[in-house]
Amino acid sequence: MDLRMDIEKLERDGLKREIFKTREEFLKSGLVNLSSNDYLGLSAHPEIINAAMASISDGGVGGTSSRLLAGNSMKHDALEKNIARFLNKEAALVFSSGYHINVGVLPALAQNGDVIFFDRLCHASLIDGIRLSGARFYSFEHNNMDDLRHLLKAKRAGFKRAFIVTEGIFSMDGDESPLTLLILLAQEFNCATYLDEAHSFGVIGPNGQGLASREGVLNQIDIFVGTLSKALGSHGGFVAGTRNLRDILISKSRSFIYTTALAPACAAAADKSLEM
């Protein structure tokens, strides 16, 4: 397979990407890093490192298997219980990455006959998950609740389940979702809410619970998605909601079922960050 023409086209279109310097080179360069997701610097905190190292010493490095087979550990169980308690949700489920969550949750929940309404500037992983679902989908103008209301009025009645998908802090623009208004629309039109708080969890709201908590609507979020790899300085992601949500995802989310478990050391590190 000759890919030279494809690469040349990417170069002409200004779309050819390259991997940046190694982290080690970057640290030695003397530059100030404003590109990292390590918002609180916890990835290099001694207590976080010690928690990860203790987990490795205790049980090894890798996840070794799907969690449904031999990959589950007490580190995963403890982290999920603490996340659920922290967010005042019934249950949580840890995935191997935030991308795994967003491409795996909606396809497990939304089927033929359902509909998804999503903000046009949602993260690529959310777009991929929406496309992989069996539902019809419609995008509304970024943070435009009038446009969302128009779509809901025109389209909602023709479907069974409906989902509204948005982010807390948008990953590229850094602006906030108008969650209070969005929740009112979700209630009016009987829609489930899917909120990705990857860029707000740990840094916004009471004790870092996120934008929904700051706005007083955390209890109205049906599917709360967060990451372990940004403010918590580790790796992986989680979904929090009802016990039924957790049970459905364990049985139906392909990106959870058919992948190796998150390394227990990452779960232990994230749990220590959450505690701090």
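In this predicted model, D77 pairs up with R67 in a salt bridge whose closest N and O atoms sit 3.7 Å apart. The two partners come from distant parts of the chain: D77 belongs to helix 4 (residues 74–87), while R67 lies in the loop between helix 3 (46–59) and helix 4, ten residues away. The surroundings of the two side chains are not alike, with D77 partly exposed at 28% relative accessibility and R67 buried at 10%.

R67 has a salt bridge with E80 as well, and here the closest N and O atoms are 2.6 Å apart. This pair also joins distant parts of the chain, running from E80 in helix 4 to R67 in the loop between helix 3 and helix 4, 13 residues apart. Both E80 and R67 are buried. Put together, R67, D77, E80 and R246 make up a network of salt bridges.

A more local pairing turns up in helix 12 (residues 264–275), where E275 and K272 are three residues, or about one helical turn, apart. Their closest N and O atoms are separated by 3.5 Å, which makes a salt bridge. E275 counts as exposed, with a relative accessibility of 61%. The overall tally is twelve salt bridges.

Then there is K230, in the loop between strand 6 (223–227) and strand 7 (237–241). K230 is buried but goes without a salt bridge, as the nearest side chain of opposite charge, D196, is 7.4 Å away. Leaving aside residues up to four places away in sequence, K230 touches N37, D38, Y39, A198 and H199.

Definitions and conventions. Residues are numbered from 1 along each chain as its sequence is written. This is a predicted model: local features need pLDDT of at least 70, side-chain atom pairs count only at pLDDT 80 or more; totals for chains, interfaces and linings use all residues. Side-chain values use heavy atoms; hydrogens and water are left out. Helices (H or I, at least four residues) and strands (E, at least two) are DSSP runs, numbered from the N terminus. Buried means under 20% relative accessible area, exposed over 50%, partly exposed in between (1.4 Å probe, protein chains only). Lys and Arg count as positive and Asp and Glu as negative; His and the chain ends are not counted. A salt bridge is a side-chain nitrogen of Lys or Arg within 4 Å of a carboxyl oxygen of Asp or Glu. Contact means heavy atoms within 4.5 Å.
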